[in-house]
Amino acid sequence: MPRRPRTHRQRLKNLPIGFSPFARALARMDSLSTAKCQTRDSEFIEKHNPSSASDGFVEQTLEDESEQSASSSDEQFDGVVQADFSFFDPKPDDFHGVKTLLQTYLDDKEWDLSGFVDLILEQTTVGTVVKIEDDEDEGLFACVSALNLWRYREQKCIMEVKDYLHKACQEKGVADKLRLLLEEQACNVGLLVSQRVVNLPPQLLPPLYDGLFDEVSWATEDEPTEDLRKSFRFKHYIILSKIYKHKNVEQKRKLSDDSEEAIIYIKPEDEIFHKLSSWSFIFPLRSQQPAPHELKNYRPMGLVMAVEAEKIPNFRQELVTLISET
């Protein structure tokens, strides 16, 4: 298996970026926020406040002025622009971009987010950020990493993540399993962190996750000390994400009404992780935003999943199949 380049790993050329109907719905939801982000550059315009996005994504609108008529509204924008995406190892200069992506990682909790970002950026052997090729502003569009819970157990940010998960879990049977992974078995548990802009091209997902799990495998052989090599021999991954859950899901099941899904997965890969998980739980979020018309019957919820490392090959294969069908 070839080893990855150390800085510039992969370039995916001329991928279109556009809004799906669901992404447009999220965009309108975010537009209700009063805070506005600054304009990045002449092509990429941030219209929404990242910290207010209840789904954990940062919404960025990309306009192709040559194709968009003056009468077109944001809700009806279906154009695309071409962009050259590249995968990079994280570096200190990525601090603000990664922090923006992770702004709602723990909902509205005040915690040591800066320390958490520092851990991700310092772990250069396992982790990836996605940027536009030759973008002078070096704006970030995605970030993935896997942090060993035992290795970083004394870090304030990791203690706060664990405390957040403990308090979020109200299911007794699941709470015991969660505590086991967060405490007694923490040396074999990786916190899988994956945040990105909502309309990132789905074609990027298979190589993005392939790169992450390949790096984990390589780190078990290439890290300079045995302790570091052991820290990447994960047996479980814990994944914290967000979904939309139908408000009347129980009644909907009784009526066998298939017109609406019980759960909408904002990230398509979460549906695969959820299916492969050994256990999971859903919990309410404190930050509740008015839902757009398309999601009037849904509420944003937190989702925590535990996935055994031996299931990752299945995940990678199913992700490729899922993206090829979209």
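**Chatting through helix 3 and its surroundings**

Reader: Hi! Which residues does Cys157 touch, not counting those up to four places away in sequence?

Author: Cys157 touches Trp111, Asp112, Gly115, Phe116 and Leu119. A contact here means heavy atoms within 4.5 Å.

Reader: Before I go on, what are the ground rules for this model?

Author: This is a predicted model, in which local features need pLDDT of at least 70, side-chain atom pairs count only at pLDDT 80 or more, and totals for chains, interfaces and linings use all residues. Residues are numbered from 1 along each chain as its sequence is written, and side-chain values use heavy atoms, with hydrogens and water left out.

Reader: Thanks. Where is Cys157 found, and is Cys157 buried or exposed?

Author: Cys157 is found in helix 4. Helices (H or I, at least four residues) and strands (E, at least two) are DSSP runs, numbered from the N terminus. Cys157 has a relative accessible area of 1%, so it is buried. The cut-offs are under 20% relative accessible area for buried, over 50% for exposed and partly exposed in between, with a 1.4 Å probe and protein chains only.

Reader: How far apart are Cys157 and Gly115 in space?

Author: Their C-alpha atoms are 6.0 Å apart, with the two positions 42 residues apart in sequence.

Reader: Cysteines make me curious. How many disulfides does the count come to?

Author: Zero, where a disulfide is a pair of cysteine sulfur atoms within 2.5 Å. Two other cysteines to look at are Cys143, buried at 2% relative accessibility, and Cys169, buried at 6%.

Reader: Back to Phe116. What is it in contact with beyond four places in sequence?

Author: Phe116 contacts Leu102, Tyr105, Trp111, Leu147, Cys157, Ile158, Val161, Leu191 and Val193.

Reader: And which residues touch the most other members of the largest nonpolar core?

Author: Phe116 and Ile238, in a core of 82 residues. A nonpolar core is a set of buried Ala, Val, Leu, Ile, Met, Phe, Trp, Tyr and Cys residues joined through side-chain atoms within 4.5 Å. As background, nonpolar side chains tend to be buried together in soluble globular proteins.

Reader: Which residues of helix 3 are buried?

Author: Leu113, Gly115, Phe116, Val117, Leu119, Ile120 and Leu121. That is seven of its ten residues, and the helix is mostly covered. The cover includes helix 2, strand 6 (140–148), helix 4 (156–168) and strand 7 (189–196).

Reader: What about Val117, where is its place?

Author: Val117 sits in helix 3, which runs over residues 113–122. Val117 counts as buried because its relative accessible area is 0%. Beyond four places in sequence, Val117 contacts Phe95, Val98, Lys99 and Leu102. His96, 21 residues away in sequence, lies 8.8 Å from Val117, C-alpha to C-alpha.

Reader: Switching topic: what phi does Asp107 have?

Author: Asp107 has a positive phi of about 60°, although it is not a glycine. For context, most residues other than glycine have a negative phi. Asp107 is in the loop between helix 2 (95–101) and helix 3, and it counts as buried at 6% relative accessibility.

Reader: How about another loop residue, Arg233: where is it found?

Author: Arg233 is in the loop between helix 7 (226–231) and strand 8 (236–246). Its relative accessible area is 36%, so Arg233 is partly exposed. Leaving aside neighbours within four places, Arg233 contacts Asn188, Thr220 and Glu226. The C-alpha atoms of Arg233 and Asn148 are 9.2 Å apart, across 85 residues of chain.

Reader: How many residues of helix 6 are buried?

Author: Helix 6 has 14 of its 18 residues buried. Helix 6 covers residues 205–222 and reaches 25 Å from its first C-alpha to its last, close to the 26 Å expected. That expectation is 1.5 Å times one less than the number of residues.

Reader: Now zoom out for me. What does the secondary structure of the chain come to?

Author: Ten helices and eleven strands. Of the 326 residues in the chain, 54% are buried.

Reader: Last one: where does pLDDT stay under 50?

Author: Over residues 1–9 and over residues 16–77. The model has 30 contacts beyond four places in sequence for residues 1–9, and 146 for residues 16–77. pLDDT is the predictor's confidence in each residue, from 0 to 100. Where pLDDT is low, the predicted coordinates should not be read in detail. The chain averages a pLDDT of 80, and 70% of the residues score at least 70.
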